[in-house]
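Me: Hey, I'm new to this one. Can you walk me through it?

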Amino acid sequence: MDIKTMKRLLSFCRPYMKYLYCALLCSSGQIVFTLLTPVFIGQAVDHIIGQGLVAFDLLFQKMLWILGSVLIAEIFDWLVVRLSNRMTYAITKDLRDQLFEKYETLPLSYIDSHAHGDLLSRMVNDIDLIGDGLLQGFTHLFNGIATIIGTICFMLYIQTTVALIVIVLTPLSLVVATIIANKTYKYFQEQLALRGELGAYVEEMIGGVKVVKAYGYEQTNQERFEEINQRVYISGVKSQFLGALANPSTRVVNNIVYASVCIAGSLYVIGGSMSVGALSSFLSYANQYTKPFNEISNVFTELQTALACASRVFHLLDIDSSPKQGPTKTLSHIQGHVQIQHLSFSYRDDEPFIEDFNVEAKPGQTIAIVGPTGCGKTTFINLLMKFYQPQHGQICIDGIDIQDMSSDYVRSLYGMVLQDSWLFQGSIKDNIAYGKKEATDQEIIEAAQKAHAHKFIIQLKDGYDTMISEEGGNLSQGQKQLLCIARIMLVKPPMLILDEATSSIDTRTEKQIQEAFDLMMEGRTTFIVAHRLSTIQKADQILVMNHGQIIEQGKHEELLKKHGFYHHLYYSQFEIQK
Amino acid sequence: MWMKYLKPYRKEAVIGFFFKLIEAFFELIVPIVVADIIDYGILHQDQQYILQRGLLLLVLALLGYACALVCQYFASKTSQGFGTYLRNDMFKAIHAYDYENIDEIGIPSLMTRITNDTNQLQLAVAMTIRLASRSPFLILGSLVMAFRISVPIALIFICAAPILALAIYGVMSKSLPLYLKIQKQLDHVSLICRENLAGIRVIRAFSKQKQEKERFQQATQKQKNMQIQVGKLSALLNPSTSVIVNCAILVILYAGGLQVNAGHLTQGEVIALINYMNQILLSMFAFANVIVIYNKATACYKRVQEVLAIQPAIQDGKCLIDNQEGPLVTFDHVSFSYQGSHALHDLSFSIHQGETIGIIGGTGSGKSTLIHLIPRFYEATQGQIYIKNRPIQDYSLFSLRQMIGLVPQQATLFTGTIKENICLAKENASDDEVKQALHLAQASFVDEWKDGIYSHITQGGYNLSGGQKQRLTIARALVRNPELLILDDSASALDFATDAALRKAIATLPQTTIIVSQRVSAIMHADKILVLSHGELVGMGKHDELMKTCEIYQQIVTSQMSKEVA
């Protein structure tokens, strides 16, 4: 077991120590009274000896004792569960909140290079499993151990020899449990791996079922699936059988203990050193005796899983994302003069990506960036916005290095519209007012009008109050982008970063987006990833990028005259048309 | 459905069931044997008898164990077999779906149904054999035994058992819906997290981290409160049942005392009765567990049943594609409605061998739908489509689709090598054929890789860029050298140089080609251009003709060309 992770997980309990202490206290009380009950029942039975030999007054007395101990034990039990619930759910909430905070502060390069599904699964599934493990641990671990010790003490108190029989037989149960657990573990791993394989295959093939059908691949596909499925079956029968063994196996040990107690106990009763009632108490102990063992072994499996999950979560929490405190320079009057000098950036230490990059954007200029996919356009934008940190060189706005300004401040200087428009679950109004919470309805409508979004919004059932479903599923791609433009129109940032859409927007909407872009760009320094010629032609500067470098730089006509890469790019698009 | 998939394992199921009952029966005998030991062995001080009966207890324990093992083995075999058989059949059923069926359930849902849902059902089958028979048998058996020992005291059992059942039912029926609510709240927490990961740039650009954190914490706080709420309720389960059972034991002690005093009952029998009462409690808990599993399984059952019940509307034909005369594809007044709304309306046109056809129109104009009618992924609701002068329904689906090389909008690749992916379209394609197709599709970047066409693609092609994926899917269509090549807006992620080179390469092919696009430049040189608007064919002809006659086409051209052609 991973002690370090365990310790760290327990450190999350610290704010809830008072719950923990109370729970342990209640748990102890519960165990004592639960164990007392069979003793009292046994004593009560001793007052029911035979015909005419029932001592009713004493029986009543014992009955009251039984009732009392049952009630006290159950109140304690209820408290234990309540307290551990409170503690567990508070801890999982804390963990989730911390992890979320981590996600909000992690370097973007980390989030970009990791599958979102994985990050999400740590937030949801892993923390859920941690919660399960903690709950089991809190309620059953202490309880189980204490019950075993308590039972042994009580038995020793009632009759030493019979108690010793039980104690001697105990390891038998443990040995059986370990043997099974070890055997099962191997098969469970195998079964999990196979299920994973089957799941991945299903995900892929059902996900691509339209392609499978288009190419008539069904037959082969079915055969491959059935082959994996057959392997799942064979290993499944084994692992399920072994997994299901634990229960009857501990039961048989339990029954053997029970029979032994019965024989030895009865002989002692004959010998006169024990009463029939005490035998009955013993038998009910023997009956319940393996239960805590089972529970403890369950706790260990669950804790094992919880720790594995916790170490995955802690791994994320340990990534350094501490914001560099200090830089707080601001600009009084923003001109929008951007100078980029000797900028270098690499994703991996050994492979430089962007190298010695130099650009100057004068206030109000439009800088178009063109180049094939993967040429570094997006990386450049990430550097401008201080999403990524450059290895060398600097970016200055109005003469001040952005390293001397806070990230939030740098980002507030730009308005950004990306190709994949991001909307969140909420009303259209909320989505537009995302950058300016206090905006009035009038301002929001104005912004929407400028972004050509007003018309389609008022045609929706609830107008500006229409709820956007998960990831904007009820809007078209173009409409989503118009909303994102409206969002920027509302905050009126001094500079812009735009990413033109390559496709999948119909002509009319595209025209509207184009007009909205033009309106926004007026008088603002703009960096635009261009796919349209009109944009390129109007630009004050074109950066032609390839493999992370600016290979040509200048105005449209100048670049054409060079007969270089740009010339090739430009003509290749229209070659067929000529 | 249960029966159908259990049928091959009927024998195993019955054997498993039977042995479980025997085990439960052995368990029921134990308290009686113990009572005998106390009442006879101890009373008469008969050591021999005690040892004999004690040995019987040991034998019962071992026999019970053996029975349990047999039961577990057959239960595992039955449930796993059931699940495997069911999954195979579901996978087959999904293969037979037409696209409308697939869209109806949705791909993510199909995936969970074939994996998680069948696992739940499998578990339900195993539990039925292992627990569903045992628990009620033990409850009833305990009652019967109580009656055999003493009728008046058995009446206490008759009263206590329903109260016990009611308490368990009460707590569970109240808390189960709350658990569902918590699950929903967890989905909400997960949604916020997903939104934040997807929109992280925008959130940081607006410096909204704090606001998002608050939104998230509100959601987790709400979840925590709900969990504590339901915890309050479910914490009642153990104490309440325990109190009920112990009260019943008190009554048994009192009534037992009266009976013993009157000589109708012995001390050992009182102990046996107490044991039976405890047995009932344990069995009821086990049974409640089975009910929870059943509850889950019923929902899963419905979802699985739905997958199997869907009958694709499209029926297979018999004819093979041959070299008949006539146009390759003819649409004769074809209309198509999709999920209740008109998607295509009254289309008529023909495509001849060797022609290049362009289809243009905005999003939602019906372009993709139109081309999906040709491989019969969807079936026309009105009118008739002919392939080589024969109704499309006459052809076998396999042969029809074999003729077509379709490149869908979404570039889908599977785990495996590049070659395996390309060979999906033509199983026995040689390395040279694959390379040639890649070359045609402008996917020569593969040559630069260390392992060439044997390079590995990870799931979903995450190690490739969008443009690379698109070119590979185009190569896949080309490798089968189809009579009809259909490109459904499949070059959208390509930069314009590559796009142009690709168009040029495809123009040299002799095949009949249909190109769907939103860009005029992609289709303006086609032999025939179909202009679609809101599911209607509003223009058909060459570029020059359409420029004169078709208003919508003119609009599209001017909106794009003014920007694109200097």
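Reply: Sure. Let's begin with a yardstick for helices: the expected span of a helix is 1.5 Å times one less than its number of residues. Keep in mind that this is a predicted model.

Me: OK, what span should helix α6 of chain A have by that rule, and how far apart are its end C-alpha atoms?

Reply: Helix α6 (residues 160-207) of chain A has 48 residues, so at 1.5 Å a residue it should span 70 Å. Its end C-alpha atoms are 66 Å apart, which agrees.

Me: Which residues of α6(A) are buried?

Reply: They include A:Val162, A:Ala163 and A:Val166, then A:Ser173, A:Thr184 and A:Gln191. A:Tyr201, A:Val202, A:Met205 and A:Ile206 are buried as well.

Me: And what covers them?

Reply: In chain A, the cover includes α5 (116-158), α7 (209-214), α8 (218-271) and α9. Chain B joins in with α3 and α5 (107-132).

Me: So how many residues does each chain put into the contact between A and B?

Reply: Chain B brings 129 residues and chain A brings 121 residues. On the chain B side, helix α3 (residues 47-96) gives the largest share, 26 residues. By class, that side of chain B has 64 nonpolar, 46 polar and 19 charged residues.

Me: What does the predictor say about the complex?

Reply: It gives an ipTM of 0.79 and a pTM of 0.74. For chain B, the mean pLDDT is 87, with 97% of its residues at 70 or more.

Me: Where in chain B does pLDDT stay under 50?

Reply: Over residues 562-566 of chain B. The model has eight contacts beyond four places in sequence for that stretch.

Me: Switching topic: how many residues are in the largest nonpolar core?

Reply: That core has 231 residues. Those with the most contacts inside it are A:Val261, A:Phe282, B:Leu273, B:Met277, B:Ile422 and B:Ala475. Helix α9 (residues 276-317) of chain A gives the most to this core, 16 residues. A separate core has 78 residues, among them A:Ile432, A:Ile513, A:Ala539 and B:Ile200.

Me: Why would nonpolar side chains gather like that?

Reply: As a general tendency, nonpolar side chains in soluble globular proteins are buried together.

Me: Back to B:Ile422. What is it in contact with, leaving aside neighbours within four places in sequence?

Reply: B:Ile422 contacts B:Ala429, B:Val434, B:Ala437, B:Ala475, B:Arg476 and B:Val479.

Me: What about helix α17 of chain B, how far does it reach?

Reply: Helix α17 (residues 466-479) of chain B has 14 residues and reaches 20 Å from its first C-alpha to its last, close to the 20 Å expected. Of its 14 residues, 13 are buried, so α17(B) is largely enclosed by the rest of the structure. Just after α17(B), B:Asn481 has a positive phi of about 50 degrees.

Me: Last topic, domains. How is chain A divided?

Reply: Chain A has domain 1 (1-159 + 292-319), domain 2 (169-273) and domain 3 (338-574). The C-alpha centres of domain 1 and domain 2 of chain A lie 25 Å apart. Four residues of domain 1 of chain A are in contact with six residues of domain 2 of chain A.

Me: And which domains does chain B get?

Reply: Chain B is assigned domain 1 (1-150 + 292-313) and domain 2 (329-411 + 471-564). Their centres, taken over C-alpha atoms, are separated by 56 Å. The contact takes four residues from domain 1 of chain B and four residues from domain 2 of chain B.

Methods
Residues numbered from 1 in each chain as written. Chains lettered and ligands numbered in written order. Predicted model: local features only at pLDDT ≥ 70, side-chain atom pairs only at ≥ 80, totals over all residues. Contact = placed C-beta atoms within 7 Å. Helix = DSSP H or I, 4+ residues; strand = E, 2+ residues; numbered from the N terminus. Nonpolar A, V, L, I, M, F, W, Y, C, P; charged D, E, K, R; others polar. pLDDT = per-residue confidence, 0-100. Domains from an automatic or database assignment. Core = buried A, V, L, I, M, F, W, Y, C linked by C-beta atoms within 7 Å. Buried ≥ 20, exposed ≤ 12 C-beta atoms within 10 Å, placed from the backbone.
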